[in-house]
Amino acid sequence: GSFGSHQIYPGLPVLLAGLEKIFGQRDLPPILMIHLFSLGCLILTYKLVDLRYPRWVAVIVTFCTGINGWFLQLTNEILADIPFLFGLMLALYGWERLRLSTRRDPAQAANESSPRPGIAGSIICLAIGLLIAASMRPTFWIVAICWVLVCIGGLLASSRRRFYAICLGILVLAWGA
């Protein structure tokens, strides 16, 4: 449509320009970059599912994602889709790690086998993921609106206001950047 032809987000062009400055006008570095983003998506899929479900479920979900035809097609195209997906997956992984690190119930923590992740690492994952996604595609604004609604709902109705306040603050900082 008319919006897509006039709206260019800086993320992928800046990455491609950086690769061209470093390696010259070659085809291989951008292809490898997209494949590394794709591999990162699969790793984050595994890690995200592994936070909540048994390891075998994480392996199967990651495997099915990796053999999905649409995912494979996008992996072999130099477009902003895979880097955008990587940014969203990193942000969601940071969100879930932050949610686990800010829980208050020690009885629930004792029943879980994995230790609580650190808040600083979770915030860094969340912020970097949001920055990558925001720089890649205008679809980010749909995610941002939903993010704001969830955070406002959590601030109003949940006992975990600290978690929602941190997530909303990180989104505002990513939007400002």
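**Group meeting talk: a helical chain, its core and its salt bridges**

Let me begin on the outside of the molecule, where L28, I31, L32 and I78 together make a nonpolar surface patch of about 340 Å². One member of that patch, L28, has its place in helix α3, and because its relative accessibility is 52%, L28 counts as exposed. Before going further I should say that what we are looking at is a predicted model, so please hear every value in this talk as computed from that model.

Now to the chain as a whole. Its secondary structure comes to 10 helices and zero strands, so that someone reading along the sequence meets the pattern α-α-α-α-α-α-α-α-α-α. The chain has 177 residues, and 38% of them count as buried. The accessible surface comes to about 10600 Å², and carbon and sulfur atoms account for 69% of that area. If we take the contacts in the chain with a separation of 6 or more, 66% of them are between residues 24 or more positions apart.

Let me turn to the interior. In soluble globular proteins, nonpolar side chains tend to be buried together. In this model the largest nonpolar core has 39 residues, and the ones with the most contacts inside it are W95, L126, L130, F140, W147 and C167. Two or more residues of this core come from each of α2 (11-23), α3 (28-52), α5 (69-75), α6 (81-101), α8 (119-136), α9 (140-157) and α10 (161-176). Helix α6 gives the most, with 10 residues. What does C167 touch, if we do not count residues up to four places away in sequence? With those set aside, C167 touches W95, L98, L126, W147 and C151.

From the core I would like to move to a pair of polar residues, S38 and T75, whose side chains are joined by a polar contact of 2.9 Å. S38 is found in helix α3, while T75 is found in helix α5. Are these two residues buried or exposed? T75 has 7% relative accessibility and therefore counts as buried, and S38, at 4%, counts as buried because it too falls under the cut-off of 20%. The side chain of T75 also has a polar atom that lies 2.7 Å from the backbone oxygen of F71. Leaving aside neighbours within four places in sequence, S38 is in contact with F71, T75 and I82, and T75, with residues up to four places away likewise not counted, touches I34, H35, S38 and I82.

The next topic is charge. How many salt bridges does a search of the whole structure find? The search finds four, and I will go through several of them in turn. In one of them the side chains of D50 and R55 meet at 3.4 Å, N to O; D50 counts as partly exposed because its relative accessibility is 25%, whereas R55, at 52%, counts as exposed.

Another salt bridge brings together the side chains of D81 and R137, at 2.7 Å, N to O. This pair links distant parts of the chain, since D81 is in helix α6 and R137 is in the loop between α8 and α9, 56 residues apart. R137 has 28% relative accessibility and so counts as partly exposed.

A further salt bridge joins R99 and E96, whose closest N and O atoms are 2.6 Å apart. Both residues lie in helix α6, three residues apart, which is about one turn of the helix. Although these are charged partners in a salt bridge, R99 counts as buried at 15% relative accessibility, and E96 is buried as well, with a relative accessible area of 11%. R52 joins the same picture, for R52, E96 and R99 are linked in a network of salt bridges.

I will finish at A177, which lies in the segment after α10. Because its relative accessibility is 77%, A177 counts as exposed. How are A177 and L131 placed in relation to each other, given that they are 46 residues apart along the chain? Their C-alpha atoms are separated by 7.7 Å.

How values were computed
Residues are numbered from 1 along each chain as its sequence is written. This is a predicted model: local features need pLDDT of at least 70, side-chain atom pairs count only at pLDDT 80 or more; totals for chains, interfaces and linings use all residues. Side-chain values use heavy atoms; hydrogens and water are left out. A nonpolar core is a set of buried Ala, Val, Leu, Ile, Met, Phe, Trp, Tyr and Cys residues joined through side-chain atoms within 4.5 Å. Buried means under 20% relative accessible area, exposed over 50%, partly exposed in between (1.4 Å probe, protein chains only). Helices (H or I, at least four residues) and strands (E, at least two) are DSSP runs, numbered from the N terminus. Contact means heavy atoms within 4.5 Å. Patches are made of residues with over 30% relative accessible area and no salt bridge: like charges are joined within 9 Å, nonpolar side chains (Val, Leu, Ile, Met, Phe, Trp, Tyr) within 5 Å. Accessible areas come from the Shrake-Rupley method with a 1.4 Å probe; for residues, only the protein chains shown count as cover. A polar contact is a pair of N or O atoms within 3.5 Å; within protein, one must be able to donate a hydrogen and the other to accept it, and residues adjacent in sequence count only if both atoms are side-chain atoms.
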